[in-house]
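This report describes one protein model. Please look at the sequence and the structure below before reading on.

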Amino acid sequence: MNTIDSLGMLAGILTTLSFIPQVIKTWRSKSAADISTGMFILFSLGVTLWMIYGLYLHAMPIILANGITLLLAITVLIMKYRYSRKSGFAPTL
């Protein structure tokens, strides 16, 4: 792996890891009321496009980082939907 790929991999690892505390906090508290549904939907769409871009370029750092980040973002959206249904509040954008 060359230097630029290492840089990309490190950037991907750091940005992906940044979502883990939110997933854990949401899961433990069973609440996602303060999370913006619209932001996470737009973010997920953007990450999907980055992943497609990475696939087109055959750039493994982009593919891996965005694939994992997308899974984490979708996990937060699923928890937001589930926990809002249990509390009787519908998620809003």
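A11 is found in helix α1, where helices (H or I, at least four residues) and strands (E, at least two) are DSSP runs, numbered from the N terminus. At 42% relative accessibility, A11 counts as partly exposed; buried means under 20% relative accessible area, exposed over 50%, and partly exposed in between (1.4 Å probe, protein chains only). A11 and P61 are 50 residues apart in sequence, yet their C-alpha atoms are 8.6 Å apart in space.

The model is predicted: local features need pLDDT of at least 70, side-chain atom pairs count only at pLDDT 80 or more, and totals for chains, interfaces and linings use all residues. Residues are numbered from 1 along each chain as its sequence is written, and side-chain values use heavy atoms, with hydrogens and water left out.

**The chain as a whole**

The protein chain has 4 helices and 0 strands, so read from the N terminus its elements run α-α-α-α, each helix being a DSSP run. Its C-alpha trace spans about 50 × 25 × 15 Å along the principal axes. Of the 93 residues in the protein chain, 30% are buried. The chain exposes about 6,600 Å², and carbon and sulfur atoms supply 72% of that area; accessible areas come from the Shrake-Rupley method with a 1.4 Å probe, and for residues only the protein chains shown count as cover. Contact means heavy atoms within 4.5 Å. Among contacts between residues at least 6 apart in sequence, 68% join residues at least 24 apart.

**A nonpolar patch**

Which residues form a nonpolar patch on the surface? They are I13, L17, I20 and I24, with about 310 Å² of accessible area together. Patches are made of residues with over 30% relative accessible area and no salt bridge; like charges are joined within 9 Å, and nonpolar side chains (Val, Leu, Ile, Met, Phe, Trp, Tyr) within 5 Å. A salt bridge is a side-chain nitrogen of Lys or Arg within 4 Å of a carboxyl oxygen of Asp or Glu. Helices α1 (3-17) and α2 (20-29) each supply at least two residues of the nonpolar patch. I20 lies in helix α2 and counts as partly exposed, at 32% relative accessibility.

**Two buried threonines**

T26 is also placed in helix α2. With a relative accessible area of 1%, T26 is buried. A polar atom of the T26 side chain lies 2.8 Å from the backbone oxygen of Q22. A polar contact is a pair of N or O atoms within 3.5 Å; within protein, one must be able to donate a hydrogen and the other to accept it, and residues adjacent in sequence count only if both atoms are side-chain atoms. Not counting residues up to four places away in sequence, T26 touches S31, A32, I35, M79 and Y83.

T69 is found in helix α4 and counts as buried, at 4% relative accessibility. Leaving aside neighbours within four places in sequence, T69 is in contact with T16, F19, F43 and V47.

**Aromatic rings**

A pair of aromatic rings is described by the distance of the centres and the angle of the planes. Rings of Phe, Tyr and Trp (its six-membered ring) pair if their centres lie within 6.5 Å; planes under 30 degrees apart count as stacked, over 60 as edge-to-face and the rest as tilted. A search of the whole structure finds 3 aromatic pairs. One of them joins F19 and F40 edge-to-face, at 5.9 Å centre to centre and with 90° between the planes. F19 lies in the loop between α1 and α2 and F40 in helix α3 (residues 37-57), so the pair ties together parts that are 21 residues apart in sequence. Both F19 and F40 are buried. Together with F43, F19 and F40 form one aromatic cluster.

**Loop residues with positive phi**

The table lists two residues that have a positive phi although neither is a glycine.

| Residue | Phi | Loop | Relative accessible area |
|---|---|---|---|
| K30 | about 55° | between α2 and α3 | 46%, partly exposed |
| H58 | about 60° | between α3 and α4 (60-87) | 70%, exposed |

**A glycine in α3**

G46 lies in helix α3. With a relative accessible area of 27%, G46 is partly exposed. How many residues apart in sequence are G46 and M1? They are 45 residues apart in sequence and 26 Å apart in space, C-alpha to C-alpha.
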